[in-house]
Amino acid sequence: MTKTIFVLIINISLLSGCAPFFSAINYSPSSKLIEISFSEEAPNSDYKFYYSDTLNNNYLRKLRHEYELDMITSIKTNEIDKIRAILHWANSQWEHNGFNTPSKSDALTILEEAKEGRQFRCVEYGIVASAGLNAIGIPSRVLSLKTRDVQKVKRGAGHVVTEAFSTQYDKWIFIDPQYDVMPTVNGVPLNAVEFQKAIFNDKESIELVNQDGLVAEDFSESYISWIGKYLYYFDVLFDQRVDYEIDYKTFEGKKKLMLVPLKADYPKIFQRKSKINYCIYTNAINDFYRDPRN
C-alpha cells in the first residue's frame, strides 16, 4: 500500500525547534494525533512552584508602566478579555523569525530589541506574554510543547506558548501569542491538555478566539491541525519569577517539570542532538496543573 505524505509549507526552518509559520498543513502518518492520558493521583507535595509577587516586583512594575499595560487592559470588563488583550499586545510586538535570539531572555530585553527591528521565535512570544500577564496581576507561565517524535526528528519538534491562571474559571488556560489565539469549547477556554483532548475527540467543537472575537475559519482549521502534534509532552519551569537578577529555584537540580503521557517514553534527547537533562518527569496531571495561589 502506498502511503500519502502531506507537505507542510513553511517559510523558514527553525534551528531552535520552535514551530514554523504555516500556510497549509496536514499530518504525515508518522505524526498522526493519538489519544493520551495521565495519572489522576494526588500531587507530589515535594514539588514547589514559584511565581512573581506581581504587586511588589520592580521589574514587572517597569514593564507595566513602560508598555502601558494598564491602559491596554483598563477598558476590558473581565479577566478573560484582559488576557486576550495582553495576548494581542504580545503578538503585535514583532514579526516571527525562528533564527533570532535576544541578547538576554527576559521580556524587557526582548521588547527593547524588538523596537530596534529585531524579530524573534515562539520562545520570546511566550516569555513576553507571560511577563505581561504577570505584570497586570494574572499568574502566568511559559509552556514548552514537544512532539511524540521529539527524539527522532531533526527540527520542528517543539513550540512554546503561554498558560495563564484564570480565577474566573479556576483553571490554567492556553494562549499562543505567536499566532494570537486562545482555544475554547462552548465559550470556555482550554488548558493545553484539554486542547489536545478536544482536537482528538471533537475538533469541530473548538473555536479559536482573540481580542477581536472569533478567528477566521480557514486559519482556525489550519492551526488546529498543525498544533495537535505538539500537544504531547508539556514542560514548565519550577520557578516562573521574573527579574533582572534572581536566584532561580530548582528541584533536585532540575529546573523544569515535564508532564509525560502514561506509557510514553521519557524523552532524553531533543531533535537528535540536544540533551534533555533539565527535567523532572511526571505522569500525574495534578502535579502539572496546580493552583498557583496555593
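Contact here means heavy atoms within 4.5 Å, and the model in these close-ups is a predicted one.

**Close-up A. Helix 3 meets helix 5.** Five residues of helix 3, namely I83, I86, W89, A90 and N91, come up against Y125, V128, A129, G132 and L133 of helix 5. Sort that contact by class and you get eight nonpolar residues, two polar ones and no charged ones.

**Close-up B. How the two helices cross.** Helix 3 spans residues 79-91 and helix 5 spans residues 122-135. Their axes lie 9 Å apart, and the packing angle is about 140°. Angles over 145 degrees would count as roughly antiparallel and those from 65 to 115 as roughly perpendicular, so helix 3 and helix 5 end up oblique to each other. As for handedness, helix 3 makes a right-handed crossing with helix 5.

**Close-up C. An open sheet of four strands.** Reading across the sheet, the strand order is 7-6-8-9, with antiparallel pairing. Strand 7 (188-189) and strand 9 (213-214) sit at the edges; each has a single partner strand, so one side of each has no neighbour in the sheet.

**Close-up D. Strands 6 and 7, with helix 6 alongside.** Strand 6, residues 182-185, pairs with strand 7 through two bridges in the antiparallel sense. Look for T184, which has P189 of strand 7 standing opposite. Helix 6 (residues 192-202) packs on this sheet and touches strand 6, strand 7 and strand 8 (206-210). The direction of helix 6 makes about 135° with that of strand 8.

Definitions and conventions:
Residues numbered from 1 in each chain as written. Predicted model: local features only at pLDDT ≥ 70, side-chain atom pairs only at ≥ 80, totals over all residues. Heavy atoms only, no water. Pairing = 2+ DSSP bridges. Axes fitted to C-alpha atoms, helices over the stretch in contact; angles between N-to-C directions. Parallel < 35°, antiparallel > 145°, perpendicular 65-115°, else oblique. Left-handed = near helix turned anticlockwise from the far one by under 90°. Nonpolar A, V, L, I, M, F, W, Y, C, P; charged D, E, K, R; others polar.
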